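Me: I am new to this structure and would like to go through it step by step, starting with its cysteines. Please take the sequence and the model as they are shown here.

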Amino acid sequence: QLQLGESGGGLVQPGGSLRLSCAAAGFRLDDYDIGWFRQAPGKEREWVSCISGRYGSTHYAESVRGRFTISRDNAKRSAYLQMNSLKPEDTAVYSCAAVSVWAVLAGTCPATSAPYVHWGQGTQVTVSS
């Protein structure tokens with residue numbers, strides 16, 4: 001069974017940093033595109049970033065570009081989201097998701113939630129002083 005699990009969330013002051021991890025079980029991570037999403041209370045789920053499985057290309061939402069960095073370690077079956085210069089508006093539940101590289105357009109990774117098939121349970125990130 002394919003499973004994803006996030007960790008690394010917590011409470012951080014504005015300007016601080018957190019590193020989220022997404023651990024995969026039951027499948028080879030390099031066969032999948034990985035996306036990070038977030039959902040704040042009362043708001044819709046928002047795409048944050050993704051990294052393609054085939055080429056390792058990375059993509060970011062405008063709201064986090066320059067502050068967040070997505071990466072992956074296929075040997076460890078893990079993906080990461082390094083979040084720097086955090087702002088209160090980054091407060092949300094962050095989830096990782098995966099979709100097979102064979103199910104999406106080659107060379108990129110989906111920037112919407114619909115194509116992703118496998119989801120983690122999410123980890124809370126709170127940015128507050």
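Me: Numbering the bonded cysteines of the protein in sequence order, what is the pairing?
Reply: This is a predicted model, and a search of the whole of it finds 2 disulfides. One of them joins C22 and C96, and another joins C50 and C109. With the bonded cysteines numbered in sequence order, the pairing is 1-3, 2-4.

Me: How many residues apart in sequence are the parts that C22 and C96 tie together?
Reply: The sulfur atoms of C22 and C96 are 2.1 Å apart, and the two residues form a disulfide. C22 belongs to strand β3 (residues 18-25) and C96 to strand β9 (residues 92-100), so their bond ties together parts of the chain whose separation in sequence is 74 residues.

Me: Does C96 count as buried or exposed?
Reply: A residue counts as buried when its relative accessible area is under 20%. Its partner C22, at 1% relative accessibility, counts as buried. C96 has a relative accessibility of 0%, and therefore C96 counts as buried.

Me: Where in the chain does C109 lie?
Reply: C109 forms a disulfide with C50, and their sulfur atoms are 2.1 Å apart. The pair links distant parts of the chain, 59 residues apart, with C50 placed in strand β5 (residues 46-51) and C109 in the loop between β9 and β10 (118-119).

Me: Why is the disulfide of C50 and C109 called right-handed, and what is the torsion about its S-S bond?
Reply: The handedness of the link between C50 and C109 follows from the torsion about the S-S bond. The disulfide is right-handed because that torsion is about 75°.

Me: What is the relative accessibility at which C109 counts as buried?
Reply: The cut-off for a buried residue is under 20% relative accessible area. C50, with 0% relative accessibility, counts as buried. C109 also counts as buried, because its relative accessibility is 6%.

Me: Which residue offers the backbone oxygen that the side chain of W47 reaches?
Reply: W47 is placed in strand β5, and it counts as buried at 16% relative accessibility. Leaving aside neighbours within four places in sequence, W47 is in contact with several residues, among them W36, F37 and Y60. At 3.2 Å, the side chain of W47 reaches the backbone oxygen of S49.

Me: How far apart in space are W47 and A97, C-alpha to C-alpha?
Reply: In sequence, W47 and A97 are 50 residues apart. In space, the distance from C-alpha to C-alpha between W47 and A97 is 10 Å.

Methods. Residues numbered from 1 in each chain as written. Predicted model: local features only at pLDDT ≥ 70, side-chain atom pairs only at ≥ 80, totals over all residues. Heavy atoms only, no water. Disulfide = S-S within 2.5 Å. Helix = DSSP H or I, 4+ residues; strand = E, 2+ residues; numbered from the N terminus. Buried < 20%, exposed > 50% of the residue type's maximum accessible area, 1.4 Å probe, protein only. Contact = heavy atoms within 4.5 Å. Polar contact = N/O pair within 3.5 Å; in protein donor to acceptor, adjacent residues only side chain to side chain.
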